[in-house]
Amino acid sequence: MSSVAIKITSSIADAARMAAKLADRSLTAQIEHWARLGMDADEKLTGSAMIAMKQGDWETSAKPQDLAEIRSYLAQLSLPGKATELALASGFLNGRITNSREDGVIVRTTPDGTETRGRMDGKEFIPFSEGS
């Protein structure tokens, strides 16, 4: 298979590296995975629904018909938002994880409700030390 060099922003590359570790994919395979999802969304969503999704706050700002279309599309994927980090990681952590608003920070919530801030190293959750 032939390949082509492309340039992407460092923030996308960093997010793809983290997601790739969680999914046991190479960086290239992770970006290709996301590209395929985007191509699928381009084919299945109307222009206004796609624009609403790209803006990021579609749950509160999208028009009702776009909101219904987006929710229907995501339901077909059977994955919650932030699929790579949340769905994959929740399978091997005791409890659940969510993204924090800080880059590279994951919050693990155990069944008893205890929250621990940390980061992912491959499939392993590494908690931050108390002072972090």
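# A helix-rich start, strands at the end: a short tour

Setting aside neighbours within four places in sequence, A62 is in contact with A52 and L67. These three residues belong to the largest nonpolar core, which has 10 residues in total. Please keep in mind that this is a predicted model. The chain has 132 residues, of which 24% count as buried. Below, we walk through the overall layout, the core, a pocket, the salt bridges and a few single residues.

**Overall layout**

- The secondary structure of the chain amounts to six helices and four strands.
- Reading from the N terminus, the order of the elements is α-α-α-α-α-α-β-β-β-β, so the helices come before the strands.
- Take the contacts between residues at least 6 apart in sequence: 26% of these join residues at least 24 apart.

**The largest nonpolar core**

- Which residues make up the largest nonpolar core? The members are A41, L45, A49, M50, A52, W58, A62, L67, I70 and Y73.
- At least two residues of this core come from α3 (47–55), and at least two come from α5 (64–77).
- A62, where we began, touches A52 and L67 once its neighbours within four places in sequence are left aside.

**The second largest pocket**

- The second largest pocket holds about 270 Å³ of space.
- Its lining takes in residues from the start of the chain, namely M1, S2, S3, V4, A5, I6 and I8, together with L27, T28, I31 and E32.
- What classes of residue line the second largest pocket? Seven of the lining residues are nonpolar, three are polar and one is charged.
- E32, a residue of this lining, will come up again below, as its side chain also takes part in a salt bridge.

**Salt bridges**

- How many salt bridges are there? The count comes to three.
- In helix α1 (residues 10–23), R17 and D14 sit three residues apart, about one turn of the helix. Their side chains meet in a salt bridge, with an N to O distance of 3.2 Å.
- Is R17 buried, partly exposed or exposed? R17 counts as partly exposed because its relative accessibility of 43% falls between the 20% and 50% cut-offs. D14 has a relative accessible area of 47%, so D14 is partly exposed too.
- Helix α2 (residues 27–44) contains both E32 and R36, four residues apart, or about one turn of the helix. The side chains of E32 and R36 form a salt bridge at 3.9 Å, N to O.
- E32 is partly exposed, with a relative accessible area of 36%, whereas R36 is exposed, because its value of 53% is over 50%.
- D40 and K44 also lie in helix α2, and because they are four residues apart, about one helical turn separates them. D40 forms a salt bridge with K44, and their closest N and O atoms are 3.0 Å apart.
- D40 has a relative accessible area of 21%, so D40 counts as partly exposed: buried would require a value under 20%. K44 is partly exposed as well, at 48%.

**Single residues worth finding**

- S26 is in the loop between α1 and α2, and its relative accessibility of 42% makes it partly exposed. S26 and A16 are 10 residues apart in sequence, and their C-alpha atoms are 9.1 Å apart in space.
- E59 belongs to helix α4 (residues 58–61) and is exposed, with a relative accessible area of 54%. Between E59 and R71, 12 residues apart along the chain, the C-alpha separation is 9.0 Å.
- Where does V105 lie? V105 is in the loop between β1 (96–99) and β2 (106–109).
- Why does V105 count as buried? Its relative accessible area is 7%, so V105 falls under the 20% cut-off.
- V105 and M120 are 15 residues apart along the chain, and 8.3 Å separates their C-alpha atoms.

Technical notes
Residues are numbered from 1 along each chain as its sequence is written. This is a predicted model: local features need pLDDT of at least 70, side-chain atom pairs count only at pLDDT 80 or more; totals for chains, interfaces and linings use all residues. Side-chain values use heavy atoms; hydrogens and water are left out. On a 1 Å grid over the protein atoms alone, a cavity is a set of points where a 1.4 Å probe fits but cannot get out, and a pocket is an open set with protein on both sides within 12 Å along at least five of seven lines; lining residues have an atom within 4 Å of a point. Grid points are joined across faces, edges and corners, and a volume is the space filled by probe spheres set on the points. Ala, Val, Leu, Ile, Met, Phe, Trp, Tyr, Cys and Pro count as nonpolar, Asp, Glu, Lys and Arg as charged, and the others, Gly among them, as polar. A nonpolar core is a set of buried Ala, Val, Leu, Ile, Met, Phe, Trp, Tyr and Cys residues joined through side-chain atoms within 4.5 Å. Buried means under 20% relative accessible area, exposed over 50%, partly exposed in between (1.4 Å probe, protein chains only). Contact means heavy atoms within 4.5 Å. A salt bridge is a side-chain nitrogen of Lys or Arg within 4 Å of a carboxyl oxygen of Asp or Glu.
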